[in-house]
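User: I would like to go through this model step by step, from its overall make-up to single side chains. Please reason each point through and finish every answer on what was asked.

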Amino acid sequence: MAQENFFKKYPWVTHLVIMAGVSVAILLLVFLFIKIYARQGEEYELPEVVGRNIAELKADNPIGLDIVVMDSIFRPGVEGGQILTQDPKAGTMVKKGRKLYITMTAYNAEASVMPELAGLTVRQAIAELNACGLTVGKLKFVEDPYKNNVIDQSCKGKTVYAGQQIERGSVIDLVVGLGDGGGGNVVPFVIGKTPDKARRDILAASLNVGREHYSGVREKSTAVVYRQEPDYTGVSKYPYGTEVELWYIDADKTDVAKMVSEFKVDSSKIIDPNEIDDGRPTPEEIEENSGWLW
């Protein structure tokens, strides 16, 4: 009775108690919602998705990953939608609905515009082609008064003219001048390098890539060279167009740094076949900085 009289005498206390009760109830509901939304305590090991097709992953996605395609790369002869990289990596503990960033192979080739290569050196032509998403295939050297000068370019045996549209990723063969007295160059050191970098260095030295051996290699793009023929000496020169044969091994099967160190030669005798200051970005610079303009 006294309690009823108290609340009648002080009605504001009643309102205060009700407000406190509602506030506590709201807080409990908010914490419950956060716990459910964040799925606290529910973490799953992220599976390996590299090598799978994105359509297959979307159809079989038990932890509800939010798949975000960061980039797509066209690779001739490779099925579109094949996942090349993932972030986070496999084995990472994630919650349901986690964003998974991937790069994959493109379904269709993008178009590139063939640059003007006539009159450029081989090294300059490589930089131009790399900037356009194209690559150099074979170098054919012919009699011409201008040494190491690009005369013509072709794709699959057909001449490709400057300004012509061509599939991104296409391989371009170059016809190059020998100069009055012919010419030769030092075989570059490509031990420990991936196929793309090894090919680029060999071509930049006005030599050709010969047979490539991948026996036992699981992933060609990340393999490294463990043997080259002719061997690297740093001094011996070979005629322009000489083929350099390469043997590869998976990078995780060898200590790359140790393997490279075992092939060191006297640096005082080394002639760098790519040491040409022509004022243009090198293929390496193009690879490291996609913002080159000239």
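Analyst: One cut-off is needed before the accessibility values can be read: a residue counts as exposed when its relative accessible area is over 50%, as buried when it is under 20%, and as partly exposed in between. Everything that follows concerns a predicted model.

User: How many helices and strands are there, and what percentage of the residues in the protein chain counts as buried?

Analyst: The protein chain holds seven helices and 16 strands. Among contacts between residues at least 6 apart in sequence, 75% join residues at least 24 apart. The accessible surface comes to about 17,900 Å², with 54% of it belonging to carbon and sulfur atoms. Of the 294 residues, the share that counts as buried is 35%.

User: Is helix α4 largely enclosed or largely open, and how many of its 10 residues are buried?

Analyst: The buried residues of α4 are V122, R123, Q124, A125, I126, A127, E128 and L129, a list in which charged residues such as R123 and E128 stand beside nonpolar ones. After the helix comes G133, whose phi is positive, near 80°. Helix α4 spans residues 122-131 and is largely enclosed by the rest of the structure, because the number of its 10 residues that are buried is eight.

User: Which element supplies the largest share of the largest nonpolar core?

Analyst: The largest nonpolar core has 23 residues, and those touching the most other members are L117, L139, I172 and L174. At least two residues of this core come from each of α4, β7 (135-142), β8 (150-155), β11 (171-177) and α5 (195-204). The largest share is four residues, and the element that supplies it is α4.

User: Which residue of α4 is in contact with I172, leaving aside the neighbours of I172 within four places in sequence?

Analyst: I172 is in contact with M114, L129, L134, T135, V136, G137, K138, Q153, S154, C155 and I166, once its neighbours within four places in sequence are left aside. Helix α4 covers residues 122-131, and the residue in that list of contacts that belongs to this helix is L129.

User: How many of the 10 residues of α5 are buried?

Analyst: Just after α5, S206 takes a positive phi of about 65°. Within the helix, the buried residues are P195, A198, R200, D201, I202, L203 and A204. Helix α5 is therefore mostly covered, given that under 20% relative accessible area counts as buried, and its number of buried residues is seven.

User: Is L27, a member of the nonpolar patch on the surface, buried, partly exposed or exposed?

Analyst: The patch is formed by I18, V22, I26, L27, V30, F31, F33 and I34, which together have about 770 Å² of accessible area. L27 is placed in helix α2, residues 11-38. Its relative accessible area is 47%, so L27 counts as partly exposed.

User: Which residue offers the backbone oxygen that the side chain of N53 reaches, and at what distance?

Analyst: N53 is found in the loop between β1 (44-45) and α3 (54-59), and with a relative accessible area of 15% it is buried. Leaving aside its neighbours within four places in sequence, N53 is in contact with E79, G80, G81, Q82 and Y107. The backbone oxygen that its side chain reaches belongs to G80, at 3.2 Å.

User: In the salt bridge between D60 and R52, how far apart are the closest N and O atoms?

Analyst: D60 is partly exposed, with a relative accessible area of 46%, whereas R52 counts as buried at 18%. This pair forms one of the 11 salt bridges found in the whole structure, and its closest N and O atoms are apart by 4.0 Å.

User: Why does the salt bridge between R218 and D252 tie together separate parts, and how many residues apart in sequence are they?

Analyst: The side chains of R218 and D252 meet at 2.5 Å, N to O. R218 lies in the loop between β13 and β14 and D252 in the loop between β16 and α6, so the pair ties together parts whose separation in sequence, in residues, is 34.

User: Which partner of R218 is buried, D250 or D252?

Analyst: R218, D250, D252 and K253 are linked in a network of salt bridges, in which R218 and D250 meet at 3.7 Å, N to O. R218 counts as exposed at 57% relative accessibility, and D252 is likewise exposed at 58%. At 4% relative accessibility, the buried partner is D250.

How values were computed
Residues numbered from 1 in each chain as written. Predicted model: local features only at pLDDT ≥ 70, side-chain atom pairs only at ≥ 80, totals over all residues. Heavy atoms only, no water. Buried < 20%, exposed > 50% of the residue type's maximum accessible area, 1.4 Å probe, protein only. Polar contact = N/O pair within 3.5 Å; in protein donor to acceptor, adjacent residues only side chain to side chain. Contact = heavy atoms within 4.5 Å. Areas by Shrake-Rupley, 256 points an atom, 1.4 Å probe, with all protein chains shown as cover. Core = buried A, V, L, I, M, F, W, Y, C linked by side-chain atoms within 4.5 Å. Patch = residues over 30% accessible without salt bridge, like charges linked within 9 Å, V, L, I, M, F, W, Y side chains within 5 Å.
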